[in-house]
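Me: I would like a close look at one part of this protein, set against the whole. Please keep the wording plain.

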Amino acid sequence: MENKKIIHRCRHCQSELINNGKVCPTCNKHQKWYGDFLNLSSVTSLVMVILAIVQLVLATSERSKAEEAFKKAEEVKNENIKVKTAVDVSKIEIDRAKEEILKIGNAVIIIAEVIPRSTGFGRGLNDSDRLLLEKNIKLIKEYSTKH
Ligand SMILES: [Zn+2]
């Protein structure tokens with residue numbers, strides 16, 4: 001019976017491998033495709049690449065969190081500006097209303113001064129009094145229909 005022992009040869013230099021070794025004794029190369037990568041510096045490099053990727057992912061997520069916070073802050077700021085604008089508009093409207101009230105008050109005072117000069121409304125008034133009266137009555141009517 002013939003010896004059927006299979007002879008394994010190095011995939012790089014074709015030398016005979018003793019006991020089907022994983023590393024060729026002649027050329028010192030690994031027989032598995034991934035063997036060449038399994039040295040310390042390669043593993044270290046790989047770990048460093050993975051760490052770099054992890055750091056990148058973390059940094060990206062931190063950045064997006066920061067961007068989100070910034071966006072929220074911007075929204076709050078814009079909301080504050082809107083509120084401030086509304087308050088400013090209200091102040092202007094209040095000032096306008098005050099002005100109108102003063103004008104109406106003034107008109108009423110003028111009318112109250114003019115009326116006693118006559119014996120009755122529109123009677124015994126001179127032309128300038130009549131004009132003053134009409135002008136101020138018109139003014140009061142305008143304000144009362146406007147609001
Ligand atoms: Zn070899």
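Among contacts in the protein between residues at least 6 apart in sequence, what percentage join residues at least 24 apart? After that, please look closely at the segment before helix 1.

Reply: The model is predicted. Among its contacts between residues at least 6 apart in sequence, 19% join residues at least 24 apart. The protein has two helices and zero strands. Of its 147 residues, 3% count as buried.

Now to the segment before helix 1, the helix that spans 40–114. One residue in this segment is Gln-14. Its phi is near 65°, which is a positive value in a residue other than glycine. Gln-14 counts as exposed because it has 11 C-beta neighbours inside 10 Å, and the cut-off for exposed is 12 or fewer.

Asn-28 also lies in the segment before helix 1. Asn-28 is not a glycine either, yet its phi is positive, at about 65°. The count of C-beta neighbours inside 10 Å is 10 for Asn-28, so this residue is classed as exposed.

For a residue outside that segment, take Val-108, which is found in helix 1. Val-108 has 14 C-beta neighbours inside 10 Å and therefore counts as partly exposed. That class lies between the exposed limit of 12 or fewer and the buried limit of 20 or more. Val-108 can also be paired with Leu-139, which is 31 residues away along the chain. The C-alpha atoms of Val-108 and Leu-139 are separated by 9.8 Å.

To return to the segment before helix 1: Gln-14 is exposed there, and Asn-28 is exposed as well.

Terms used: Residues are numbered from 1 along each chain as its sequence is written. This is a predicted model: local features need pLDDT of at least 70, side-chain atom pairs count only at pLDDT 80 or more; totals for chains, interfaces and linings use all residues. Helices (H or I, at least four residues) and strands (E, at least two) are DSSP runs, numbered from the N terminus. Two residues are in contact if their C-beta atoms, placed from the backbone, lie within 7 Å.
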